[in-house]
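Colleague: Could you take me through the enclosed empty space in this model, please? I would like a close look at that one part.

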Amino acid sequence: MARRAVGGTGVKGARRPELRLPAPERYEGGELEPDGDYDGLEFREADLTGQNGAGARFMDCALRGCALDGTRLSRARVLDSALSGVRGVGTNLAEATLRDVELTDARLGGTQLHGAVLERVLVRGGKIDFLNLRSARLKDVVFEGCVLVEPDFGGARLERVEFVDCAVKGVDLTGATLVDVDLRGAASLEIARGVDRLSGAVISTAQLLDLAPVLAGEMGIRVEG
């Protein structure tokens, strides 16, 4: 199930996930396994540091307060699942699929999501530093009330993506494609690279004024006096 967030005039709003997880069973299975199959499980305060769950499938799962330092989840599929209070540095989710997922109050750094597919994903609260989403595909994704420090969307495709009450610092949009991307709700917006890729996005008047020096520099305009 999903509901569509309210978008502005001419902007299609993102569809948010609506999770109704069945009562999960506590996971007691030890370390993750590559290509493992995890269905209807709760990982509570689990230390998954350095474990290898590459290619695994997580369906109707809840990860609460888990440590994900260096956890390898490349090409994993996370479906109809909720992650809350997870923390870690260098979590590898390259080429993973996240569909109908809620990520709340995360504290993550250097998370690798390059080449990943995110569909109907809500990122609410928390702080994520140096998020790598290069060449990823995002559709119906909402960043809400969170802090994103130097996120990298280089070469990514963003469609129906919303930024609501969040701080976006030093974002890289080099080579990105934006379709129905709503940036007006961002509490702060700093674009380090790729300001020329804003076609397909909507920003507020105040944001336009803040970005004017960057836009002028991109266009080779000299502003004096």
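Modeller: Happy to; here is a walk through the cavities. This is a predicted model, where local features need pLDDT of at least 70, side-chain atom pairs count only at pLDDT 80 or more, and totals for chains, interfaces and linings use all residues. Residues are numbered from 1 along each chain as its sequence is written, and side-chain values use heavy atoms, with hydrogens and water left out.

A cavity here is a set of points on a 1 Å grid over the protein atoms alone where a 1.4 Å probe fits but cannot get out, and its lining residues have an atom within 4 Å of a point. Points are joined across faces, edges and corners, and a volume is the space filled by probe spheres set on them. There are two cavities of 30 Å³ or more.

The largest cavity holds about 320 Å³. Its lining has 25 residues, with Leu83, Leu93, Leu98, Leu103 and Leu108 nearest the centre. Strands E8 (77–84), E10 (97–109) and E11 (117–129) each give two or more residues to that lining; strands are DSSP runs of at least two residues (E), numbered from the N terminus. By class, 23 lining residues are nonpolar (Ala, Val, Leu, Ile, Met, Phe, Trp, Tyr, Cys or Pro), two are polar and none is charged.

The second largest cavity has a volume of about 70 Å³. Among the residues lining it are Phe153, Phe163, Val171 and Ile191, and its 11 lining residues are nonpolar. Strands E14 (157–164), E15 (167–172), E16 (177–182) and E17 (188–193) each supply at least two of them.

How values were computed:
1 Å grid on protein atoms, 1.4 Å probe; cavity = no way out; pocket = protein on both sides within 12 Å on 5 of 7 lines; lining within 4 Å. Helix = DSSP H or I, 4+ residues; strand = E, 2+ residues; numbered from the N terminus.
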